[in-house]
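Got your viewer open? Let's take a short walk through this one, selecting a few pieces as we go.

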Amino acid sequence: MSDNPQLIEEMRWQLKQIEDRKAENQRILAGIAGSDHTTVVSPDRTVTVVAGTGGVVSEVRVAPEAMRYDAGTLSRTITTAIREAVAAGRPLTLQDAPQPAQKPRRPAPTDEEEPYDTVFDV
């Protein structure tokens with residue numbers, strides 16, 4: 001059976017892996033939000049849509065004047081603006097794709113038993 005220091009080290013390693021994945025996801029999201037973007041405004045200026053690289057919609061703004069429309073008209077205006085923004089967005093390139101992070105190796109067990117599998121294994 002593994003001793004407590006080994007289990008604690010394994011848990012620390014797993015937590016580090018989770019934190020690294022969270023940081024990588026934040027980096028990717030920041031890249032999407034900070035990338036070149038396309039802004040489309042509806043002809044009546046009531047709907048504004050912002051789309052980033054690859055046509056990812058990052059924002060939809062509806063002006064107060066849009067509330068004078070019925071639901072169907074407003075829906076069509078929003079949908080049309082989104083489609084235009086997505087179509088006008090810069091396509092994804094290989095440079096835009098996130099590079100896979102190298103996985104660090106798991107610490108080796110100190111005794112001859114196999115380490116316990118946990119729900120945190122990656």
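Start by selecting A51 and V57: A51 stands opposite V57 in β3. Keep in mind as you look that this is a predicted model.

Now widen the selection to β2, residues 47-51, and β3, residues 57-62. The two run antiparallel, with 5 bridges joining them. Follow the chain round their hairpin, where 5 residues sit between the strands, and stop at G54, which takes a positive phi near 80°.

Next, go back to A51 and look across to T38, which stands opposite A51 in β2. Add β1, residues 38-41, to your selection. Here 4 bridges join β1 to β2, and this pair runs antiparallel too.

With all of that showing, what is the order of the strands in the open sheet? Reading across, you get β1-β2-β3, 3 strands with antiparallel pairing. β1 and β3 are the edge strands, each pairing on one side only. Neighbouring strands are turned by 15° against each other on average, ignoring direction.

Time for a helix: select α2, residues 71-88. It packs on the sheet and touches β1, β2 and β3, and its direction makes about 30° with that of β2.

Which residues make up the largest nonpolar core? Show side chains for V40, V47, V49, A51, A66, L74, A81 and A85, 8 residues in all. Both β2 and α2 supply at least two residues each to this core.

Last stop, A66: leaving aside residues up to four places away in sequence, A66 touches T46 and L74.

Definitions and conventions
Residues are numbered from 1 along each chain as its sequence is written. This is a predicted model: local features need pLDDT of at least 70, side-chain atom pairs count only at pLDDT 80 or more; totals for chains, interfaces and linings use all residues. Side-chain values use heavy atoms; hydrogens and water are left out. Two strands pair if DSSP finds at least two bridges between them. Axes are lines fitted to C-alpha atoms, for helices over the stretch in contact, and angles run from 0 to 180 degrees between N-to-C directions. Contact means heavy atoms within 4.5 Å. A nonpolar core is a set of buried Ala, Val, Leu, Ile, Met, Phe, Trp, Tyr and Cys residues joined through side-chain atoms within 4.5 Å. Buried means under 20% relative accessible area, exposed over 50%, partly exposed in between (1.4 Å probe, protein chains only).
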